[in-house]
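Open the model in a viewer, with a cartoon for the backbone and sticks ready for side chains. The tour below goes from one selection to the next.

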Amino acid sequence: MTKLRGGEGILAQDQKDYVTLRLLVCPGYLSADQLRTLADVAEKEGRGSIIITTRKGVQVPWIKFERAKEISAKLEMIGLPPGSCGRKVRAVVACAGTERCPFALFDIDVLCSKLTQKYYGRMTPTKFKIALAGCPNSCSNPYINDFGIIGSETPRLIEDSCIRCGSCERLCRGDAITTREDGLPVIDFDKCIHCGWCVTNCPSGAMVADKCGFSITVGGKSGRIPALSLKIVGNVTEEELFKVLDNTFKYFDTFAEGRERIGKIIARMGLDHFKSEVLKDIKVQ
């Protein structure tokens, strides 16, 4: 068998006659019918095991090399296309999202599908990983991805509606709210983490969302030498988000040397240089 480098979602194993199939699961849900088909494939074509990946994907190991493309095509017909590998944009990983999570600030599933449709499998100088988090809880680990997207909400107090109950101060996750002598809350925006929890839990509706959007972090990774990503902009719109990501890919293609990850390029070129190229026409917050 020729040594594979991740083509068509087929990963080489140490055992030369076998491969592992990587499959895309977007935005992270598997139906009961898909699970039954996967179980059948694993039992008939593999060794009865299925791997759930850290990026909410699926891998089926111990597939005979000569059967891999046929099986992959069969699985694509039930909505499980080949997974991305190698020097490409990998599967977009998302958190639980608004359907079930009380903290999420935007529709994760819709944005995950949009990002996947536009960027998944795009050729890049080396692998590129995107993570979506519905709020600053960051359950999808955006800070260890090349490009992190975090839902954000900026609160504003309507003083006439405030009943001075102190709930916002007690519930604030960032210790950003204090209470004046007259009982009115004061928001320290240098401490505010823009989670929207004060807005969600205000009993009188006095705390409202002044602006909802996305914070963007760039340059994180796990691996042998892990690194946390850096926040480059906050509270951008969805349109601005896509513009920043498009510009990031242009920067990646232009300035990468060899197989540098985007974080290493930023370290070499400087964060100011990166932001000057990527945040053109973007209102920085």
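Select Glu153 first: its bridge partner is Cys212, in β10. The model is a predicted one. Now widen the selection to the two strands. Strand β7 covers residues 147–157 and strand β10 covers residues 207–218; the two run antiparallel and are joined by 11 bridges.

**The five-stranded sheet**

From β10, go on to strand β11, residues 230–236, which pairs with β10 in the antiparallel sense over 4 bridges. One pair to pick out here is Phe214 with its bridge partner Val236 in β11.

Return to β7 and add strand β6, residues 130–133. These two strands pair in the parallel sense, over 4 bridges. Select Ala131 to find its bridge partner in β7, Gly148.

Now show the whole sheet. It is open and has 5 strands, in the order β5-β6-β7-β10-β11, with mixed pairing. Which strands stand at the edges? They are β5 (93–94) and β11; each has a single partner strand, so one side of each is left without a neighbour in the sheet.

**Two helices on this sheet**

Keep the sheet on display and add α3. This helix packs on the sheet and touches β5, β6, β7 and β10, its direction making about 165° with that of β6. Next add α6, which also packs on the sheet, touching β6, β7, β10 and β11. The direction of α6 makes about 150° with that of β7.

Hide the strands and look at the helix pair. Two packed helices are described by the angle between their axes and the distance between the axes. For α3 (residues 108–119) and α6 (residues 238–255) the angle is about 30° and the axes are 13 Å apart. The crossing of α3 past α6 is right-handed.

To see the contact, show side chains of Leu111, Lys114, Leu115, Lys118 and Tyr119 in α3, then of Glu238, Leu241, Phe242, Leu245, Asp246 and Phe249 in α6. By class, the residues of this contact are 7 nonpolar and 4 charged, with no polar ones.

**The four-stranded sheet**

Move to the other sheet, starting at Leu23, whose bridge partner in β4 is Val58. Strand β2 (residues 18–23) and strand β4 (residues 58–64) have 5 bridges between them and pair in the antiparallel sense.

With the rest shown, this is an open sheet of 4 strands in the order β1-β2-β4-β3, and its pairing is antiparallel. The edges are β1 (10–12) and β3 (51–52); each has a single partner strand, so one side of each is left without a neighbour in the sheet.

Select helix α1, residues 32–45: it packs on the sheet, touches β2 and β4, and has a direction at about 25° to that of β4. Then select helix α2, residues 68–76, which lies across β1, β2 and β4 and runs at about 20° to β2.

**Cavities**

Last, turn to the enclosed spaces. How many cavities of 30 Å³ or more does a search of the whole structure find? The search finds 4.

The largest holds about 100 Å³ of space. Of its 16 lining residues, Cys162, Cys165, Gly166, Cys168 and Pro185 lie nearest the centre. The lining has 10 nonpolar, 5 polar and 1 charged residues.

The second largest cavity holds about 90 Å³. Center the view on Pro155, Cys172, Cys192, Cys195 and Cys198, which lie nearest its centre among the 13 residues of the lining. That lining divides into 10 nonpolar, 2 polar and 1 charged residues.

Conventions. Residues numbered from 1 in each chain as written. Predicted model: local features only at pLDDT ≥ 70, side-chain atom pairs only at ≥ 80, totals over all residues. Heavy atoms only, no water. 1 Å grid on protein atoms, 1.4 Å probe; cavity = no way out; pocket = protein on both sides within 12 Å on 5 of 7 lines; lining within 4 Å. Points joined across faces, edges and corners; volume = space filled by probe spheres on them. Nonpolar A, V, L, I, M, F, W, Y, C, P; charged D, E, K, R; others polar. Axes fitted to C-alpha atoms, helices over the stretch in contact; angles between N-to-C directions. Left-handed = near helix turned anticlockwise from the far one by under 90°. Contact = heavy atoms within 4.5 Å. Pairing = 2+ DSSP bridges.
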